Amino acid sequence: MARAKRHYIPGQVWHLTHRCHKREFLLRFAKDKSRWVQWLFEAKRRYGLTILNYIVTSNHIHLLVVDDGERQIIPRAMQLTAGRCAQEYNKRKIRSGAYWEDRYHATAVETGEHLLRCLVYIDLNIEPGDGQDALDLSNTP
């Protein structure tokens, strides 16, 4: 069965989620989280992605971005970030196979209170003992 086409709404805020394959904890270590963030900011540099907020948990990510009017910015950014993160992990762990559960999920976010609630939700999505406090992103571009 063919995949459903993604909706495209120029100027829309999107809440993106991407879960690791079989809900495994493939992002549990600070090194893996840090590499995902580095690739995210490389995607921002390459494609002009506008990032409002993000969190990397041990088995999934949340990302709040704005579609600035170029239809392919978000898909290209996610392809780069997810693909390179998976390639590096599989190479380092000498493994093959899926890293991500499926395509990333994108939910349109309204401005105003809905946007505020989404920002807070992402900030509160940290898992106890996840090691996020040890992840220093102060030098992230």
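A hairpin of 3 residues takes the chain from β2 to β3. Strands here, like helices, are DSSP runs numbered from the N terminus (E and at least two residues for strands, H or I and at least four residues for helices). The model is a predicted one, so local features need pLDDT of at least 70 and side-chain atom pairs count only at pLDDT 80 or more, while totals for chains, interfaces and linings use all residues. Residues are numbered from 1 along each chain as its sequence is written, and side-chain values use heavy atoms, with hydrogens and water left out.

Back to the hairpin strands: β2 and β3 run antiparallel and are joined by 6 bridges, where pairing asks for at least two DSSP bridges between two strands. Within this pair, Y54 sits opposite L63 of β3. The two strands belong to an open sheet of 4 strands, ordered β2-β3-β1-β4 and paired antiparallel. β2 (50-56) and β4 (105-109) are at the edges with a single partner strand each, so one side of each has no neighbour in the sheet. From one strand to the next, the twist averages 20°. At the β4 end, strand β1 (residues 13-19) runs antiparallel to β4, with 5 bridges between them. Here H15 faces T107 in β4.

What lies across β2 and β3? That is helix α1 (residues 30-47), which runs at about 170° to β2; the angle is taken between N-to-C directions on a scale from 0 to 180 degrees, using axes fitted to C-alpha atoms, for helices over the stretch in contact. Contact itself means heavy atoms within 4.5 Å. Although β2 is an edge strand, 5 of its 7 residues are buried, so the rest of the structure largely encloses β2. Buried stands for under 20% relative accessible area, exposed for over 50%, and partly exposed for anything in between (1.4 Å probe, protein chains only).

Next come the charged pairs. The whole structure holds 5 salt bridges, each a side-chain nitrogen of Lys or Arg within 4 Å of a carboxyl oxygen of Asp or Glu. One of them brings the side chains of R92 and D32 together at 2.2 Å, N to O. R92 belongs to helix α2 (residues 73-92) and D32 to helix α1, so this pair ties together parts 60 residues apart in sequence. D32 is buried at 4% relative accessible area, whereas R92 is partly exposed at 33%. Another salt bridge joins E88 and R35 (2.7 Å, N to O). This pair too links distant parts of the chain, with E88 in helix α2 and R35 in helix α1, 53 residues apart. Both partners are partly exposed, E88 at 23% relative accessibility and R35 at 26%.

Helix α1 also has a salt bridge of its own, between E42 and R45, whose closest N and O atoms are 2.5 Å apart. Being 3 residues apart in helix α1, the two are separated by about one helical turn. E42 counts as buried at 18% relative accessibility, but R45 counts as exposed at 59%. Through salt bridges with shared partners, E42, R45 and R46 form one network.

Finally, the surface has a nonpolar patch of about 310 Å², made by L116, V120 and L124. Patch residues have over 30% relative accessible area and no salt bridge, with nonpolar side chains (Val, Leu, Ile, Met, Phe, Trp, Tyr) joined within 5 Å and like charges within 9 Å. Accessible areas come from the Shrake-Rupley method with a 1.4 Å probe, and for residues only the protein chains shown count as cover. L116 lies in helix α3 (residues 113-123) and is exposed, at 53% relative accessible area.
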